[in-house]
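Let's take a walk through this model, from the overall build down to single side chains. Have your viewer open as you read.

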Amino acid sequence: MIDLKLVQKNPEVLAKALADRQSSLRVEDFLALDGRRRALLAEVEALKNQRNTASGQVAALKREGKDASHMMEELGALSDRIKALDAQTAEAKAAVEEWLMGVPNIPDATTPVGKDESENPEVLRWGTPRDFDFPVKEHWELGTALGGLDFERATRLAGSRFALSLGWAARLDRALVNFFLDEHVRNEGYIEVCPPFMVNRATMTGTGQLPKFEEDLFKMPDWGYYLIPTAEVPLTNIHAGEVLDEADLPRGYCAATPCFRSEAGSAGKDTRGLIRLHQFTKVEMVRFAHPDDSFHQLDVMVGHARNLLEKMELPYRVITLCTGDLGFGSAKTFDLEVWLPGQNTYREISSCSNCVDFQARRADIRFKPKGGKSAYVHTLNGSGLPTGRALAAILENGQQKDGSIVLPKVLVPYMDGVEVIEPR
RNA sequence: GGAGAGGUAGCGAAGUUGGCCGUAACGCGCUCGACUCGAAAUCGAGUUAUCGGUUAAUAGCCGGUACGUGGGUUCGAAUCCCACCCUCUCCGCCA
């Protein structure tokens with residue numbers, strides 16, 4: 001949620017942000033709703049002041065043993081008016097709240113303005129895509145031929161957009177989880193977490209998935225639970241409603257969890273392979289930062305994601321998301337795109353965002369500076385990394401003419417010394 | 001699932017014959033000060049959040065609201081009534 005006071009005082013800031021984001025929301029609508037809310041509030045508060053004063057007098061009269069019945073009669077009428085106005089005020093407040101909850105974060109000043117993903121500037125490239133002297137294959141072909149991936153049986157078990165990995169591929173998936181977590185926990189100071197994979201509505205609202213993106217989620221209406229689309233949701237909400245010590249910042253959590261996404265609206269896109277599934281495993285990093293330090297922490301976290309790709313020797317590039325492509329809760333996002341030779345393109349494998357105080361305000365996560373008033377922390381999240389897309393990249397980049405896959409050296413110890421996946 | 005107890009500030013904990021009891025006793029923590037070479041201990045002072053009005057002000061001042069959540073009764077609710085959520089203890093069940 002953005003800062004109510006900011007919009008009230010500088011509506012032009014939000015107007016620009018919405019325009020830059022190609023949003024159809026209009027600030028004028030908000031100002032009208034909020035004006036109505038404030039007018040009603042001022043009215044009802046004046047009446048309540050009257051009532052409180054008079055009630056005090058009733059109490060005083062009764063203590064002295066005097067009669068207060070005439071006064072109580074008048075106050076009955078006043079209370080009825082207050083009750084009616086209270087209902088209207090609550091309605092007006094809910095309307096303001098609803099509008100506000102649907103407003104995306106204001107992009108940071110350093111986020112480039114652009115209309116869509118075609119205008120995301122590239123920051124850097126790392127590694128050199130291999131030259132192949134044979135026709136390259138895509139990862140699902142390679143994985144299926146080697147007996148590790150079975151999309152037909154996955155479809156039989158569940159449906160489209162599910163995957164089944166067996167043998168070396170399942171093992172490699174587990175190796176990736178362990179490698180990613182080890183890097184974050186051993187070298188980067190993250191606290192490893194095993195969170196709930198289902199969460200309640202309040203938690204989904206805290207990070208911004210709800211109320212606006214309900215159709216993207218798998219939900220269990222009988223229980224009121226939602227399956228997490230990313231571990232960002234439970235990890236960020238770990239401190240919901242809390243006031244942290246300033247000394248606790250920055251603080252990082254990471255978790256490997258399944259992620260569940262309905263992929264509504266992506267019909268026909270990436271229908272084959274491991275790129276876009278209803279369920280996938282991802283290691284996620286979440287950081288809580290001091291407001292003065294959060295953009296530095298974003299760079300730090302991008303470094304953590306880059307480290308994984310570089311240790312696996314997978315070529316990638318980093319782009320900055322422009323305003324038109326920026327996620328709902330983010331003020332600034334860097335995407336890491338890994339080279340997929342089978343598709344002859346860079347594909348997103350990590351997204352690292354600084355949400356500044358947007359999620360902290362929704363989830364009420366604050367910290368107490370020394371001698372100062374408590375303030376919202378800044379929250380950051382980044383993939384580090386999804387195992388499916390990493391596996392796809394490993395298969396496509398490591399493929400040999402004979403159909404075998406040379407694994408990244410760093411993973412060999414995690415695979416009990418297996419260096420190459422050989423055709424059967 | 002059954003029985004019982006409970007949810008009050010950063011934490012613990014008072015307060016339930018309805019009315020100066022919510023800047024909420026008391027304790028801890030935290031901040032400042034005294035003592036000290038310095039520290040501990042001790043002593044003194046301070047320390048809720050949020051919304052609206054006013055304002056250059058996220059400073060003051062005035063007002064509203066908040067005792068798990070949502071309703072109800074009442075001139076007035078932490079206190080009485082109803083529903084729901086959560087925590088703890090015991091029992092049952094279970095990986």
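Of the 424 residues in chain A, 49% count as buried, where buried means under 20% relative accessible area, exposed means over 50%, and partly exposed is in between (1.4 Å probe, protein chains only). This is a predicted model, with local features needing pLDDT of at least 70 and side-chain atom pairs counting only at pLDDT 80 or more, while totals for chains, interfaces and linings use all residues. As for bookkeeping, residues are numbered from 1 along each chain as its sequence is written, chains are lettered from A and ligands numbered from 1 in the order in which they are written, and side-chain values use heavy atoms, with hydrogens and water left out.

Measuring tape along the principal axes, the C-alpha trace of chain A spans about 100 × 45 × 45 Å. Its secondary structure comes to 12 helices and 16 strands; these are DSSP runs numbered from the N terminus, with helices being H or I of at least four residues and strands E of at least two. Among the contacts in chain A with a separation of 6 or more, 73% are between residues 24 or more positions apart, a contact being heavy atoms within 4.5 Å.

Now zoom in on strand β8, residues 279–289, where 9 of the 11 residues are buried. Strand β7 (residues 251–260) runs antiparallel to β8 and is joined to it by 10 bridges; strands pair if DSSP finds at least two bridges between them. In that pairing, Cys-259 sits opposite Phe-280 of β8. β8 also pairs with strand β14 (residues 378–386), again in the antiparallel sense, over 7 bridges, and here Arg-287 stands opposite Leu-380.

What about the loop between β7 and β8? Ser-262 is found there. With a relative accessible area of 16%, Ser-262 is buried. Leaving aside residues up to four places away in sequence, Ser-262 touches Glu-215, Asp-216, Leu-217, Phe-218 and His-278.

On to the rings: the structure holds 10 aromatic pairs. Rings of Phe, Tyr and Trp (its six-membered ring) pair if their centres lie within 6.5 Å, with planes under 30 degrees apart counting as stacked, over 60 as edge-to-face and the rest as tilted. Phe-179 and Phe-180 have ring centres 5.7 Å apart and planes at 50 degrees, so this pair is tilted. Both Phe-179 and Phe-180 are buried, and they form one aromatic cluster with Tyr-414. Trp-339 and Tyr-346 make an edge-to-face pair, because their planes are at 65 degrees, with centres 5.0 Å apart. Trp-339 counts as buried at 13% relative accessibility, and Tyr-346 is buried at 11%.

Finally, look at RNA strand B. It is surrounded by 23 residues, the closest being Arg-37, Asn-52, Ser-55, Met-72 and Ser-79; near means a heavy atom within 4 Å. Of the RNA atoms within 4 Å of the protein, 69% belong to sugar or phosphate and the rest to bases. A phosphate oxygen is 3.3 Å from a side-chain N or O atom of Gln-8. Base nitrogens come into play too: one is 3.2 Å from a side-chain N or O atom of Glu-45, and one is 3.5 Å from a side-chain N or O atom of Lys-62. The elements giving two or more residues to this surface are α1 (4–9), α3 (27–63) and α4 (69–101), and α3 brings the largest share, 13 residues.

Notes: A polar contact is a pair of N or O atoms within 3.5 Å; within protein, one must be able to donate a hydrogen and the other to accept it, and residues adjacent in sequence count only if both atoms are side-chain atoms.
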